[in-house]
Amino acid sequence: MSAKNLRIATWNIASNRNYDAVAARIAELDIDICALQEVALDPAVDLPVLFGRGQRDASGYGWHFAPALVPAEVYHGTGQYFGLAIASRIPLSRTAAFQLGPPGTGAVAHVENEPRIMQVAALPLQRPVFIGKYPSRHRRDWELSAMRRSQAGKIAACCGRWQRRGP
């Protein structure tokens, strides 16, 4: 990686599956790493595109997808997964996804039964740099949600463990 500043962004793509257009916009803005949410992915159709083997080509970035919902829980069994992704033109040393709960319960009907994840990426720099993404909806009643408070506690526990490991 060069000495230039690292440009990081987050983008709710609202299930936009035109990954070429998404990647082109990220590149146009000169973004190195973009954390994406509301990513709908049909493996049979979209994986060849993301890996540069389809008619379209979004391979200018490495794509790291982490499903939060499986096909039975979203889009009425169409074969699509739903979750988070990190698009990076910098090779990442690793990525991980942490389940925050609740466990998959079938069709998602309410904020309290929608499984959430946190996706994290580590950059290959001299000092560890972690980038994390958690899609929390801004709602007035968020603080009343026992599930959201539980998820926030799990995020704090993960970050606390990383902090104790050193800089």
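Here are some questions and answers on the fold, sheets, cores and cysteines of this predicted model.

Residues are numbered from 1 along each chain as its sequence is written, and side-chain values use heavy atoms, with hydrogens and water left out. Since the model is predicted, local features need pLDDT of at least 70 and side-chain atom pairs count only at pLDDT 80 or more, while totals for chains, interfaces and linings use all residues.

Q: In what order do the elements of the protein run from the N terminus on?
A: Let's start with the inventory: the protein has 3 helices and 7 strands. These are DSSP runs numbered from the N terminus, with helices being H or I of at least four residues and strands E of at least two. Their order is β-α-β-α-β-β-β-β-β-α.

Q: What percentage of contacts between residues at least 6 apart in sequence join residues at least 24 apart?
A: A contact here means heavy atoms within 4.5 Å. Among those in the protein between residues at least 6 apart in sequence, the share that joins residues at least 24 apart is 61%.

Q: Which strands stand at the edges of the sheet with the order 1-2-4-3?
A: This open sheet has 4 strands and mixed pairing, where two strands pair if DSSP finds at least two bridges between them. Neighbouring strands are turned by 25° against each other on average, direction ignored. Two of the strands have a single partner each, so one side of each is left without a neighbour in the sheet: strand 1 (8-12) and strand 3 (62-69).

Q: Which residue in strand 4 stands opposite Pro-67?
A: Strand 3 and strand 4 (residues 81-88) run antiparallel and are joined by 7 bridges. Opposite Pro-67, in strand 4, stands Gly-83.

Q: At about what angle does helix 1 run to strand 2?
A: Helix 1 (residues 19-28) packs on the sheet and touches strand 1, strand 2 (33-41), strand 3 and strand 4. Axes are lines fitted to C-alpha atoms, for helices over the stretch in contact, and angles run from 0 to 180 degrees between N-to-C directions. Helix 2 (residues 43-50), lying across strand 2, strand 3 and strand 4, makes about 155° with strand 2. For helix 1, the angle with strand 2 is about 165°.

Q: Which residue in strand 7 stands opposite Ala-121?
A: Here we move to the open, antiparallel sheet of 3 strands in the order 5-6-7, whose edge strands are strand 5 (94-101) and strand 7 (129-133). Strand 6 (residues 116-123) and strand 7 pair over 5 bridges in the antiparallel sense. The residue of strand 7 opposite Ala-121 is Ile-131.

Q: Which residues have the most contacts inside the largest nonpolar core?
A: A nonpolar core is a set of buried Ala, Val, Leu, Ile, Met, Phe, Trp, Tyr and Cys residues joined through side-chain atoms within 4.5 Å. The largest one has 16 residues, with two or more given by each of helix 1, strand 2, helix 2 and strand 4. Apart from it lies another core of 7 residues, including Ile-33 and Ile-131. In the largest core, the residues with the most contacts are Tyr-19, Ile-26, Leu-36 and Trp-63.

Q: How far from Cys-158 is the nearest cysteine sulfur?
A: The structure holds 0 disulfides, a disulfide being a pair of cysteine sulfur atoms within 2.5 Å. Cys-158 is in no disulfide, and the nearest cysteine sulfur belongs to Cys-159, at 6.7 Å.

Q: Is Cys-158 buried or exposed?
A: Buried means under 20% relative accessible area, exposed over 50%, and partly exposed in between, with a 1.4 Å probe and protein chains only. Cys-34, at 1% relative accessibility, counts as buried. With a relative accessible area of 6%, Cys-158 is buried.
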